[in-house]
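Please open the model in your viewer and set it to cartoon. Keep the selection panel at hand.

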Amino acid sequence: MSSAAQKFLQDAAVKSADLVHREIIRKNMESYDAAHLRGRSRFKDWEAARRRCQEIKREAINHLDRYLLQFEEKVIAHGGHVFWAANGDEACAYIRDLAVSRGVRTIVKSKSMVTEEIHLGPALEEKGIKVWETDLGEFIVQLRNEPPYHIVTPAMHLNRQQIRELFRDHLGEDIPDADPQKLVALARRKLREAFFAAEMGISGANFIIADSGAVAISTNEGNGRLSTSLPRIHVAITGIEKVIPRLVDLATLWPTLATSGTGQPITTYSTLVSGPRKPGEADGPEEFHVVLLDNGRSGLLGNAEEREVLHCIRCGACLNICPVYRNIGGHTYNTTYQGPIGSVLTPHLRGSEFQHLSYASSLCGACTSVCPVNINLHHHLLHNRRDFSYASGDNAKGRTQFKLWRRAMLNSRLYVLGGWMMRRGLHVLYGLGLAGTAADPLRAWSRKRTPIPLPSQSFRKMWKKGLTQKNAVKR
Amino acid sequence: MARKVSLFVPCFVDQLQPEVAVDTVKVLQRVGCEVDYLPEQTCCGQPAFNSGFWNEARPCAERFLRVFKDAEVIVCPSGSCTTMVRVFYPELIASGSAHEEAVLLGKRTFELSEFLVKVLGVTDVGATFPHTVTYHASCHGLRELKLREEPLKLLRGVKGLKLVDMLRFDECCGFGGTFATKFESISVAMGEQKADNVAVTGAEYVTAIDPSCLMHVQGILGRRKDRAKTIHLASILASEA
Amino acid sequence: MERIRAGLQVPALEHADQNSEAQIFETIQNPLERFQQECKANLMECLLVEGQAASAQTLAQVLQSLPQGEIYVQDSPGLRRIIDAAGTKRAVRWSSEGAPKESSQATVTLADALIAQTGSVFVSASCGGRGASVVAPCHIVVGLVSQLVPDLETALRNATAEQRLENNSYACVISGSSRTADIEKILVQGAHGPIRLVVIVDTKA
């Protein structure tokens, strides 16, 4: 078992037993569930919306080369720059060098999971550049020196008192009644200073639009707007898979993304940036750079079965519905992308060290049932398990166990004998009071649950003895 | 002319919860079916398949096809095992004539409530069960086989049965096969929340179409000494006054 | 790019053709009514008026409700007339002079379109620039009912046809005042953008 897997099991055990955490998450998710249902009722045909979004993404991904080139051409024609980054290091280097060469001392950032993925913050900070997270949730976890807890609501795990204390200790101002309105006003004041002082704004992109050469950034707070309006340089960094063919595609994608993410009809500020300020415009950045990040995504492209995983629009719905996520929380995953999509994606982007995430699921399929682009998430978890099981090394024990299992299942006599022995053996063991102890092979069951039932006769035996036959066909 | 039905008994029902299969036979006979049991059957292969060992699961699937080759109609008291056959066999046996066979086999394999309501068109099987019951929608049956109303229709047809709704009735109970032991803490936490939701209803029984879900929930209920008990849908339907 | 091309060499999985003709959103019968409903739900203020004089009067009233201070106004002939008619004593900084100041109490702009489906105003750099819709605590949009389109699809098709993103470096569909629910999922208005978004709709234009 990899050390990441061991840490996962330990953290999961702690978090899933934490009843305070369980209650916080339950309340948050209850409010999301209600909003989400209300949001869905605004659609005449929600399933049609999902299918349409799936089609749009499928078209984009299946012709990724064409659409990315179209996008690049247009951005350059508008006076912007496009940098193709093969991996995180290249992306960080480009942005860092750009900042240094332009004399940037302060950066304001709107939410971008990609910047977490490539650890951009530290890369900039080591050059003495101060980076301010401007999304309130991201700002909060940045102050706590923590990764985001959830891809859409980064500070979901904290209550107002904790945030009040955090602001008191880091911002030097106390809000005694911890009123959320006042806490937000304090954050607004502090971050305004940063917005107006920053020389560079970094954003992600929810979508990049090929026919317009534009980047689409959705925020409710307006931090995406300020980050891309006030500083003189705007850098947008995005995964290559975020491309969509046409501006009009947003007519379906925007409402579906908002409904899935928060239950809103549309995010408050649905922004489109197509370049640096044009002559005659009142304001805006002088420079516009788009960094297109690969970092393993082209690998998924070449995997016909898994390609649809690139359709993900990062709405967070699968995290919200997942009972595993609800119990262990976002930090336990210890990856940039959490929940079902994170479990499917991370082994492909970061290697087999994170394969345990594909197994940490009961395969309930709730994720697939809510995905707005119809990704068959739980089936992809099965595919990950299949691919991992036969990869060399890691799973030798499991392979051997199942080879033995197979022998029994292919031979009904062996199966009957094996089943009988298991029941008899456990019966004796449990009779001695050893259920749940180190001697119990099923202690991972019996420790916290009453032991499995151990009938004296299998159904097969009962049938043979004629206990259940009335109109049955005699063999 | 009685309907011939071949019983598909999941391996863990055979070994650990045989009463579910006994009651399934009772119900099927009561509605006029001729029930046959092929003793050569072992396991559908789901444990190996879900663990990713498809090369070990495939021979089980191929064997299953052989064992049930001549069965006209197959009925199974488990949503997850029925799903394995109908949804996953065609993916597991991806090509060749065996693939076609698997697709056809899937079309004539039914979960119990599905068979009663959708194939036989029956919702009243002549059962009596004067207790309060709450229903847990097992994941495979709900999301893979798309069985939403069928078990509920059957429950409403039972004399004396009072059906009460449970909050988050469609949330996973946390069993998930080997997940239950490999990720014990998460599985138990999920089971506890299911048990909490059962307790709120005040019901005497919680039922489902999947015996594995019930075994897991019973483990939690028993440990907490909760009032409610688990019972499989087949056992409710087999009950008489 | 080579990696992308290499990846795309692998053929896509087959998929069943979907029914693409299904209607996703209900047809909007009464756009103005829908626009008003959505504005209310978005916590925006939607004020219907008749004629330019009424627009000016309403604008004056809104400005009176704000604290003292400079306002930033998009430099367009229409707005120059309206500001004049409103007779405000406040200092006015026009967009032709540059970006809005942080101390502005309000910004006043036109819009490119109004969208009924989501209660949105569609603005772009032509509407006084980027800062005009976020910097001040109050953003006032002076709109015309002729700018109202029923849904996002129409608005975006029009934007494409008019090459809005060729002629502007930025555009934005704004559907409410700035807000956040990052603290205990409690909705708080006025995160980084305006606390108030006021839309004056001249129903005679």
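The tour goes from the contact between two chains to two sheets. Remember throughout that this is a predicted model.

**Stop 1: chain A against chain B**

Select the residues where chains A and B touch. Chain A gives 54 residues to this contact, and chain B gives 56 residues. Now colour the helices on the side of chain A that touches chain B. At least two residues each come from H1 (3-17), H15 (323-328), H18 (366-370), H19 (377-389), H20 (396-410), H21 (412-431), H22 (443-446) and H23 (459-464) of chain A. Which helix supplies the largest share of that side? Pick H20(A): eight residues come from this helix. Then colour the side of chain A that touches chain B by residue class. You will find 29 nonpolar residues, 15 polar and ten charged.

**Stop 2: the four-strand sheet of chain B**

Move into chain B. Select its open sheet of four strands, ordered S2-S1-S3-S4, with parallel pairing. The edges are S2 (33-37) and S4 (109-111) of chain B, and each of them pairs on one side only. On average, neighbouring strands here are turned by 35 degrees against each other, direction ignored.

Zoom in on S1 (residues 3-7) of chain B beside S2(B). Five bridges link this parallel pair. Select Leu7(B) and look across to S2(B): its bridge partner there is Tyr37(B).

Next, show the helices that pack on the sheet. H2 (residues 18-30) of chain B touches S1, S2 and S3 (74-76) of chain B. The direction of H2 in chain B makes about 150 degrees with that of S2(B). H5 (residues 79-92) of chain B touches S3 and S4 of chain B. For H5 in chain B, the angle to the direction of S4(B) is about 155 degrees.

**Stop 3: the six-strand sheet of chain C**

Hide the other chains and select the open sheet of chain C. Six strands lie in the order S1-S12-S7-S4-S2-S3, and the pairing is parallel. Why do S1 (45-49) and S3 (92-94) of chain C each have one side without a neighbour in the sheet? Both stand at the edges with a single partner strand, so one side of each stays free of a neighbour in the sheet. Neighbouring strands are turned by 20 degrees against each other on average, direction ignored.

Focus on S2 (residues 71-73) and S4 (residues 106-109) of chain C. Three bridges join these parallel strands. Label Tyr72(C), and you will see Thr107(C) opposite, in S4(C).

Finish with H3 (residues 52-64) of chain C, which packs on the sheet. This helix touches S1, S2, S4, S7 (138-144) and S12 (196-202) of chain C. Its direction makes about 165 degrees with that of S12(C).

Note on methods. Residues numbered from 1 in each chain as written. Chains lettered and ligands numbered in written order. Predicted model: local features only at pLDDT ≥ 70, side-chain atom pairs only at ≥ 80, totals over all residues. Contact = placed C-beta atoms within 7 Å. Nonpolar A, V, L, I, M, F, W, Y, C, P; charged D, E, K, R; others polar. Pairing = 2+ DSSP bridges. Axes fitted to C-alpha atoms, helices over the stretch in contact; angles between N-to-C directions.
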